Amino acid sequence: MSSSNVSFFRTLQAVLWSFIGLRKNSEGQEDMAKLNPFHVLVVGLSLALVFVVGLIALVNWVVAQPSTLS
């Protein structure tokens, strides 16, 4: 695996952990020192967009289901 792939996956991992909110402070400090802030911003915004679009798709799917309450 090349260095850029490792960096991308480390950035992705750091952003996903931050979305969940389960991260040791020491690991977060280490990531802040090693990761490119621009990459973190791009990955974070991309994942937030995917999350919002996923929620919209889920709501549309639920609303489109036939009602079983009569």
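Me: Which side chain meets glutamate 30 in a salt bridge with 3.0 Å from N to O?

Reply: Happy to start there, and please keep in mind that this is a predicted model. A salt bridge needs a side-chain nitrogen of Lys or Arg within 4 Å of a carboxyl oxygen of Asp or Glu. Glutamate 30 has such a partner at 3.0 Å, N to O, and that partner is arginine 10.

Me: How many residues apart in sequence are the parts that this pair ties together?

Reply: Look at where each residue sits. Arginine 10 belongs to helix H1 (residues 3-20), while glutamate 30 belongs to helix H2 (residues 25-34). The pair therefore ties together parts whose separation in sequence is 20 residues.

Me: Is arginine 10 buried, partly exposed or exposed?

Reply: Buried means under 20% relative accessible area and exposed means over 50%, with partly exposed in between. The value for arginine 10 is 28%. Arginine 10 therefore counts as partly exposed.

Me: And what is the relative accessible area of glutamate 30?

Reply: Glutamate 30 is also a residue to check on the surface scale, where the in-between class runs from 20% to 50%. Glutamate 30 is partly exposed, and its relative accessible area is 36%.

Me: Which residues does arginine 10 contact, leaving aside its neighbours within four places in sequence?

Reply: Arginine 10 lies in helix H1. One residue to compare it with is aspartate 31, 21 residues along the chain, with 8.4 Å between the two C-alpha atoms. Aspartate 31 is on the contact list of arginine 10, which reads Glu30, Asp31, Lys34 and Leu35.

Me: Which residues are joined into one network by salt bridges that share partners?

Reply: The whole structure holds 2 salt bridges. Besides the bridge to arginine 10, glutamate 30 forms one with lysine 34, where the closest N and O atoms are 3.4 Å apart. Glutamate 30 and lysine 34 are 4 residues apart in helix H2, so about one helical turn separates them. Through shared partners, the network joins Arg10, Glu30 and Lys34.

Me: Does lysine 34 count as buried or exposed?

Reply: The cut-off for exposed is over 50% relative accessible area. Lysine 34 reaches 59%, so lysine 34 counts as exposed.

Me: How many helices and how many strands are there in the chain?

Reply: Read from the N terminus on, the elements run α-α-α. That order fits the count for the chain, which is 3 helices and 0 strands.

Me: What share of the residues of the chain count as buried?

Reply: The chain exposes about 5,800 Å², and carbon and sulfur atoms supply 70% of that area. The chain has 70 residues, and the share that count as buried is 10%.

Me: Which residues is phenylalanine 19 in contact with, leaving aside its neighbours within four places in sequence?

Reply: Phenylalanine 19 is found in helix H1, and with a relative accessible area of 46% it is partly exposed. Its C-alpha atom is 8.7 Å from that of glycine 44, although the two residues are 25 apart along the chain. Glycine 44 is one of the contacts of phenylalanine 19, which are Gly44, Leu47 and Ala48.

Me: Which element gives the most to the lining of the largest pocket?

Reply: The largest pocket has a volume of about 220 Å³. The elements that give two or more residues to its lining are H1, H2 and helix H3 (37-64). With 4 residues, the element that gives the most is H1.

Me: How do the residues of that lining divide into nonpolar, polar and charged?

Reply: The lining includes Ala14, Trp17, Ser18, Arg23, Gly28, Asp31 and Met32. Among these, Ala14, Trp17 and Met32 count as nonpolar, Arg23 and Asp31 as charged, and Gly28 as polar. The whole lining divides into 7 nonpolar, 2 polar and 2 charged.

Me: How far apart in space are methionine 32 and alanine 14, C-alpha to C-alpha?

Reply: Both residues line the largest pocket. Methionine 32 is found in helix H2, and at 63% relative accessibility it counts as exposed. Methionine 32 and alanine 14 are 18 residues apart in sequence, and their distance in space, C-alpha to C-alpha, is 9.4 Å.

Notes:
Residues numbered from 1 in each chain as written. Predicted model: local features only at pLDDT ≥ 70, side-chain atom pairs only at ≥ 80, totals over all residues. Heavy atoms only, no water. Buried < 20%, exposed > 50% of the residue type's maximum accessible area, 1.4 Å probe, protein only. Areas by Shrake-Rupley, 256 points an atom, 1.4 Å probe, with all protein chains shown as cover. Contact = heavy atoms within 4.5 Å. 1 Å grid on protein atoms, 1.4 Å probe; cavity = no way out; pocket = protein on both sides within 12 Å on 5 of 7 lines; lining within 4 Å. Points joined across faces, edges and corners; volume = space filled by probe spheres on them.
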